[in-house]
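Please give a briefing on how the helices and strands of this structure are arranged, grouped by topic and with the residues in contact named.

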Amino acid sequence: MSNKIRKTSGCEAEMRKMMYQYILFDLDGTLTDSKEGITKSAQYALRSFGIEEKNLDKLEPFIGPPLSDSFREFYGMNEADTEKAVRTFRERFETVGITENKIYPGVKEMLQELKDNGCLLAIASSKPEVSVHRVLQMFEIEQYFGIIVGSLKDGTRTTKIEVMEETFAQLKKKVGRAYSEKKVLMVGDRKFDIEGARHFGVDSVGVTYGYANDGELTKAGATYLAEDPQAVASLITGKKPYQKYADRSSLKKTLEILAPLAAYWLIQLAVYNILYYVLAKSGEVSTVCSAWLNVAAAIATWPYVVRCYQKSRTPDCAEVVTRRKKKRITREWGLVAGYGISLALFLNLFISLLQLTQNSASYQKVAGAQYGIPLPLGLFVYGLVMPCTEELLFRGVIYNRIKKYFPRVLAMLLSGLVFGCYHGNPVQILYASLMGLAMALVYESYGRISAPILFHISANAVVYTCSRFGFFAGGTRTMFCMILMLGLSLLLTYWYAKGLFSKFISR
């Protein structure tokens, strides 16, 4: 998100600078992940009509709109059958289904931040009001809301418009003369929430971690899109996530960011030297044996690195987000691999053209060790093991920690620089810094560590193979290939940067 007004606590004059002060929230798919309870209860109700639906994903459209509308629209039920289906649904939901619910990560923190900034929070849900209270109490967040409105079991106030109408009536009564539609913001995950906001002339936030179909929120006219609860809070308060740690000392930030790198290096160094010492007693350690020692040292770091990664990464809000990202990376794996290969080839051709490798003794030493082993072993070590290990560390851990304290673009640049400096010699610092920046871009674009791993594996495997066959030797053909790879890598950089930019700004 961009152009968000920064919040300053304390002074009332500063507080009035906030654009929105009355925040209406949907419940299912916005504050809580109610998929299991709702879909299993819908499955239970359909079974009473002889309809067997085993795939719960197909019942996700029941999350959000009024139940009667869903049974009519998706299963063509008449009025009598719809009433029976709703009753049967509630038989299970009110006893079992309501407990099959999870609060999204970051929701409590978001509500607390908004409350601390003086916002009046309200619930406007199509779920029965008694159930809304039970869910809020179950997750201990009822105290954050000054107004709670849901549907009524007597058949009145069932549509989203009717629910919001009652919410606005209570809001106007509570606020009095200070009320203004310009200060109201509706937050929801389905088109019904967005359409309701448009009906009453207020702005809206569509949360993309909910159960809307691709493009649904934009088509419905959402004013903003938010990828997680923290993005919602940042939009309203104007306070970016990293600003929460502004008071933390630079030393503490640096230690938190670089400590995993130091530990990784020490573990790797210790394992390699211990094994080397043991083998050296039996005779000279060959280049091939040294490569296997590198593999053992890298694998020895995995338990520590994986544990750090799990602590450093921001988990997906919902199962639906995980599924979308998996589908996207599966569909675009060729694009990711092509980006890694084209950028890596261009940089190697450019470095070769400038003859930087010939003038760097430190690089020549590293290259001698890397290319002095059989091709299959080299591809295993430098095209598979090292990319997986380095991506878990540099993107999964270090980049995520840098992002905690700095704006996203700056975090990408810094993480690339750290990755470059780690390689130690001038040639690899230039190469790895630019590759590290691109891999951070790919990581942000997909939100999955598998994306930069695929990028890194593709780049390393192709460059290693090309180097073994003298592809970077120079000549007219090499120059043409360099220009071609430059164009392709720039095009893909623009593709990912544009997508990432649009992902984090308001419509």
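In this predicted model, helices α14 and α19 are oblique to each other, because their packing angle is about 45° and an angle counts as roughly parallel only when it is under 35 degrees. A six-stranded open sheet with parallel pairing and a second helix pair, α11 with α12, are treated after this contact.

**Helices α14 and α19**

- Helix α14 spans residues 333–353 and helix α19 spans residues 450–468, and the axes of the two lie 8 Å apart.
- The crossing in which α14 passes α19 is right-handed.
- On the α14 side the contact involves Trp333, Val336, Ala337, Tyr339, Gly340, Ile341, Leu343, Ala344, Leu345 and Asn348, which meet Ala451, Leu454, Phe455, Ser458, Ala459, Val462, Val463 and Cys466 of α19.
- By residue class, this contact of α14 with α19 comprises 15 nonpolar and three polar residues, with no charged ones.

**The parallel sheet**

- The six strands of the open sheet follow the order β5-β4-β1-β6-β7-β8, and their pairing is parallel.
- Strands β5 (147–151) and β8 (224–226) are at the edges with a single partner strand each, so one side of each has no neighbour in the sheet.
- From one strand to the next, the twist averages 20°.
- Strand β1 (residues 22–25) runs parallel to strand β6 (residues 184–188) and is joined to β6 by four bridges, and phenylalanine 25 stands opposite valine 187 in β6.
- Helix α7 (residues 160–175) packs on this sheet, where α7 touches β1, β4 (120–128), β5 and β6, and the direction of α7 makes about 155° with that of β4.

**Helices α11 and α12, and an aromatic pair**

- Helix α11 and helix α12 (residues 287–312) pack at about 145° with their axes 8 Å apart, and α11 passes α12 in a right-handed crossing.
- Among the α11 residues that make this contact are Ala259, Ala263, Ile267, Val271, Tyr272 and Tyr276, while those of α12 include Leu293, Ala297, Thr301, Tyr304 and Cys308.
- The residues of the contact of α11 with α12 divide into 19 nonpolar and four polar, and none is charged.
- The structure holds 22 aromatic pairs, and one of them, tyrosine 272 with tyrosine 276, counts as stacked because the ring centres are 6.0 Å apart and the planes are at 20°, where stacking requires planes under 30 degrees apart.
- Both tyrosine 272 and tyrosine 276 belong to helix α11 (residues 250–280), in which they are four residues apart, about one turn of the helix.

Note on methods
Residues are numbered from 1 along each chain as its sequence is written. This is a predicted model: local features need pLDDT of at least 70, side-chain atom pairs count only at pLDDT 80 or more; totals for chains, interfaces and linings use all residues. Side-chain values use heavy atoms; hydrogens and water are left out. Axes are lines fitted to C-alpha atoms, for helices over the stretch in contact, and angles run from 0 to 180 degrees between N-to-C directions. Angles under 35 degrees count as roughly parallel, over 145 as roughly antiparallel, 65 to 115 as roughly perpendicular and the rest as oblique. A crossing is left-handed if the near helix is turned anticlockwise from the far one by less than a right angle, and right-handed if clockwise. Contact means heavy atoms within 4.5 Å. Ala, Val, Leu, Ile, Met, Phe, Trp, Tyr, Cys and Pro count as nonpolar, Asp, Glu, Lys and Arg as charged, and the others, Gly among them, as polar. Two strands pair if DSSP finds at least two bridges between them. Rings of Phe, Tyr and Trp (its six-membered ring) pair if their centres lie within 6.5 Å; planes under 30 degrees apart count as stacked, over 60 as edge-to-face and the rest as tilted.
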